[in-house]
Amino acid sequence: MSGYFYPNSIVRDFLLAMEDVMGHNGVSAVLNLAGMHGWVGHYPPDNLDRSVDFGEFSAINGTLMEMYGPRGGRALARRAAGWHTSRQPGRTASVGRRPTA
């Protein structure tokens, strides 16, 4: 893994947006192909804790590209990202290393 982390809510919202576009079975297929079987039906919590590794999120996007080709995968990812930003206009979160206590 990379040691860098996304906030849970960003990844959760991305998966929910993908669900809007592809349906629950489509997202389940992507997660299974990405080797993230534990995430099927169990998305990260809706909080700003940084605990989703960049490698995990990259695996999801890589699987989208693999399943739908570069153009189709990119279009799905962009549509999901647009859904996330329109849903929460004032919400921001930092992305990067997990803070150390």
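F54 is partly exposed in this predicted model, at a relative accessibility of 27%. The ring of F54 pairs with the ring of Y4. The two ring centres lie 6.0 Å apart. The planes meet at 45 degrees, and the pair is classed as tilted. Y4 is likewise partly exposed, at 35% relative accessibility. Y4 belongs to strand β1, which covers residues 4-7, while F54 sits in helix α2. The pair therefore ties together parts of the chain that are 50 residues apart in sequence. A search of the whole structure returns 4 aromatic pairs. Ring pairs join Y4, Y6, F14, F54 and F57 into a cluster.

The overall architecture is as follows. The chain holds 2 helices and 3 strands. Along the sequence these elements run in the order β-α-β-α-β. Helix α1 spans residues 8-33 and strand β2 spans residues 50-53. Helix α2 spans residues 54-87. The chain has 101 residues, and 35% of them count as buried. Its accessible surface comes to about 5800 Å². Carbon and sulfur atoms account for 52% of that surface. Contacts between residues at least 6 apart in sequence were also examined. Of these, 80% join residues at least 24 apart.

In soluble globular proteins, nonpolar side chains tend to be buried together. The largest nonpolar core of the chain contains 21 residues. Within this core, F14, L15, M18, L31, W39, I60 and L64 touch the most other members. Helices α1 and α2 each supply at least two core residues. The largest share comes from α1, with 9 residues. F14 thus appears both in this core and in the aromatic cluster. L64 has a long contact list once residues up to four places away in sequence are set aside. The partners of L64 are F14, M18, M22, V30, G69, G73, L76 and A77. Two of these partners, F14 and M18, are themselves listed with L64 among the core residues that touch the most other members.

Helix α2 also carries T63. T63 is buried, at 6% relative accessibility. Beyond its neighbours within four places in sequence, T63 contacts V30, L33 and A34. V30 is thus a partner of T63 as well as of L64. L33 recurs at the surface, where L33, M67 and Y68 make a nonpolar patch. The patch covers about 290 Å². M67 is located in helix α2. M67 is partly exposed, with a relative accessible area of 33%. That value meets the patch criterion, because patch residues must have over 30% relative accessible area.

L16 lies in helix α1. At 24% relative accessibility, L16 counts as partly exposed. L16 and V27 are 11 residues apart along the chain. Their C-alpha atoms are separated by 8.8 Å.

Strand β1 contains P7. P7 is buried, at 1% relative accessibility. The C-alpha atoms of P7 and R50 are 4.0 Å apart. In sequence these residues are 43 places apart. R50 falls in β2, which spans residues 50-53. A second distance from P7 reaches P45, at 9.5 Å between C-alpha atoms. P45 and P7 are 38 residues apart in sequence. P45 occupies the loop between α1 and β2. P45 is partly exposed, with a relative accessible area of 43%, whereas P7 is buried. Apart from residues up to four places away in sequence, P45 touches N8, S9 and R12. These three partners fall within the 8-33 span of α1.

Definitions and conventions
Residues are numbered from 1 along each chain as its sequence is written. This is a predicted model: local features need pLDDT of at least 70, side-chain atom pairs count only at pLDDT 80 or more; totals for chains, interfaces and linings use all residues. Side-chain values use heavy atoms; hydrogens and water are left out. Patches are made of residues with over 30% relative accessible area and no salt bridge: like charges are joined within 9 Å, nonpolar side chains (Val, Leu, Ile, Met, Phe, Trp, Tyr) within 5 Å. Accessible areas come from the Shrake-Rupley method with a 1.4 Å probe; for residues, only the protein chains shown count as cover. A salt bridge is a side-chain nitrogen of Lys or Arg within 4 Å of a carboxyl oxygen of Asp or Glu. Helices (H or I, at least four residues) and strands (E, at least two) are DSSP runs, numbered from the N terminus. Buried means under 20% relative accessible area, exposed over 50%, partly exposed in between (1.4 Å probe, protein chains only). Contact means heavy atoms within 4.5 Å. Rings of Phe, Tyr and Trp (its six-membered ring) pair if their centres lie within 6.5 Å; planes under 30 degrees apart count as stacked, over 60 as edge-to-face and the rest as tilted. A nonpolar core is a set of buried Ala, Val, Leu, Ile, Met, Phe, Trp, Tyr and Cys residues joined through side-chain atoms within 4.5 Å.
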